[in-house]
Amino acid sequence: MLPSPLDSSTSYLSTSAIVALCVFFALLCACIIVGHLLEENRWANESITSLLLGLCSGVVVLLVTKFHSTEILIFNEDLFFLYLLPPIIFNAGFQVKKKQFFRNFTTILLFGVLGTVISFCLISLGAFLLFNTIGITNLDIKDHLAIGAILSATDSVCTLQVLSQDETPFLYSIVFGEGVVNDATSIVLFNSVQSLDFRSINAITVLKLLGTFLYLFCTSTALGIAVGLLSAYIIKTLYFGRHSTDREVALMMLMAYLSYMIAELLNLSGILTIFFCGIVMSHYTWHNVTESSRTTTKHAFATISFIAETFIFLYVGMDAFDIDKWKRSKASIGTSVAVSSTLIALVLIGRAAFVFPIANLANCTKTRESTKIEFRSQFIIWWAGLMRGAVTIALSYNQFSKSKMASAEDSLMITSTIILVLFSTVVFGSITKPLIKAVKLRHSKPSISDSTDIQEDLRLLFLESNCSINQSNNQAFHRQSSFRLMIRYPTTTVHYFWRKFDDKFMRPIFGGRGFVPVVPGSPPAEEDLS
């Protein structure tokens with residue numbers, strides 16, 4: 001008998017790897033087609049479609065293998081963190097509306113950092129108190145703190161697919177920005193918990209946890225900014241476009257990925273690093289390349305991010321049918337439901353405990369009604385953070401499957417986390433589109449911020465101050481007015497001074513909008529991505 005073509009082609013490729021790739025690529029194509037057909041559907045969206053297709057595929061694989069788990073069903077956290085997550089986070093930073101993001105940066109940090117820390121504390125405390133009543137007694141303090149960090153990582157993809165940057169720019173920037181900062185903060189908290197010894201807990205341990213968190217947060221951000229500026233300087237100075245546009249596009253991609261890998265090598269937060277690297281590249285590097293490269297990079301980054309995101313939801317859906325971990329948990333249906341329900345309740349309470357108080361606290365600092373976060377928007381922000389995704393599952397695997405001989409309670413925590421992710425994505429996600437359309441007023445126009453007028457007042461004020469520098473009677477008045485305006489509008493004032501600093505010092509060195517290469521025939525600069 002002649003060997004089959006598949007058998008003769010596997011001298012250097014594994015048959016199982018080929019089958020897995022064929023299955024995933026076919027499913028990716030199916031997700032894109034079904035997502036397009038259901039674009040106008042009231043209940044479905046692409047993330048739910050991908051997850052459900054993954055679940056159906058997992059059932060088929062189990063039937064074909066006679067209920068034996070295969071490698072295709074096992075979640076690989078290295079694949080997730082090293083290959084799938086970086087392009088998604090980088091594209092989020094690269095495509096972000098920078099003006100809106102930094103205009104609301106203070107509010108985003110309040111929700112994304114302070115809010116995540118509050119949720120982390122409440123969920124950890126709730127898990128510690130409630131799991132004992134259920135009968136989960138073998139988890140130590142580090143496990144409970146890890147659960148708090150794991151369940152604090154949100155997935156706002158479903159909500160962002162419904163919101164529009166043009167109709168609700170403020171709300172979109174808050175939900176989008178908080179989602180990215182939240183994921184980074186959760187992973188930083190998780191890594192901080194892993195790095196500390198909790199055998200003797202005291203005030204020093206708490207201070208070490210806080211210090212480790214701040215160190216990881218600041219150094220990761222600084223590294224991303226540094227790599228982004230380096231890429232801008234290299235491309236501006238050497239101008240690869242005069243010989244090949246492929247080189248400059250490749251260099252942008254490679255340096256972005258390099259920033260993530262360096263962060264992971266130094267035990268920092270790769271998410272924060274590559275996110276801010278994307279922001280810096282879109283502000284400087286993107287304007288230093290040729291016009292064709294700008295179009296290529298903009299669409300290439302978005303396409304890669306879309307494929308990775310769809311792949312992740314497929315991956316999570318198929319992972320739910322890894323039969324081995326369900327057998328290892330040895331938990332009854334009642335226990336599994338009780339643990340999963342407890343986790344869902346903690347997520348709901350932990351989210352509400354900081355969204356509404358922080359939103360009202362932020363409103364107290366705003367003097368204009370148009371800039372305040374109304375209750376409808378607060379509800380949407382709360383709802384957007386109820387879904388959990390692949391970051392939650394990946395961190396759960398990292399914590400509770402350190403070895404193949406994981407205990408029954410470790411396996412129970414993994415399976416309960418999977419139930420939480422499936423329930424929140426399918427149930428909460430399917431309700432998201434009709435709920436948001438019902439909550440937000442479709443006929444209302446987005447509130448227009450007065451920051452443009454405030455910036456103009458600042459420019460006029462400082463111009464007047466410069467013109468009247470020799471008039472001693474008016475100089476004190478202008479300085480007093482300047483100080484009062486800076487206190488009243490700190491974000492806008494900082495933005496004004498940043499633009500002056502950027503135009504005078506940064507752009508002459510790193511390029512950016514308005515940069516024209518000295519090489520003859522170079523294209524004119526386009527408008528900013530933002």
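The legends below accompany close-up views of a predicted model of one protein chain.

**View 1. The fold of the predicted chain is built from helices, with zero strands.** The protein chain has 21 helices, and of its 530 residues 50% count as buried. Among contacts between residues at least 6 apart in sequence, 83% join residues at least 24 apart. The accessible surface of the chain comes to about 25,500 Å², of which 66% belongs to carbon and sulfur atoms.

**View 2. A nonpolar patch lies on the surface and draws on helix α6.** The patch is formed by Leu125, Phe128, Leu129, Leu130, Ile141 and Ile201, which together have about 530 Å² of accessible area. Helix α6, spanning residues 105–134, gives the most to this patch, with four residues. Leucine 125 lies in helix α6, and it counts as partly exposed because its relative accessibility is 48%, a value between the limits of 20% and 50%.

**View 3. The largest nonpolar core of the chain has 123 residues.** Phe80, Phe111, Phe131 and Ile147 are the residues with the most contacts inside this core, while helix α9, which covers residues 169–195, gives the most to the core, with 14 residues.

**View 4. Isoleucine 147 is shown with its contacts, and a separate core is shown alongside.** When neighbours within four places in sequence are left aside, isoleucine 147 is in contact with Ile123, Ala127, Phe131, Leu139, Leu343, Phe400 and Met413. A second core, separate from the largest one, has six residues, among them Leu229, Ala232, Met506 and Phe510.

Key. Residues numbered from 1 in each chain as written. Predicted model: local features only at pLDDT ≥ 70, side-chain atom pairs only at ≥ 80, totals over all residues. Heavy atoms only, no water. Helix = DSSP H or I, 4+ residues; strand = E, 2+ residues; numbered from the N terminus. Buried < 20%, exposed > 50% of the residue type's maximum accessible area, 1.4 Å probe, protein only. Contact = heavy atoms within 4.5 Å. Areas by Shrake-Rupley, 256 points an atom, 1.4 Å probe, with all protein chains shown as cover. Patch = residues over 30% accessible without salt bridge, like charges linked within 9 Å, V, L, I, M, F, W, Y side chains within 5 Å. Salt bridge = Lys/Arg side-chain N within 4 Å of Asp/Glu carboxyl O. Core = buried A, V, L, I, M, F, W, Y, C linked by side-chain atoms within 4.5 Å.
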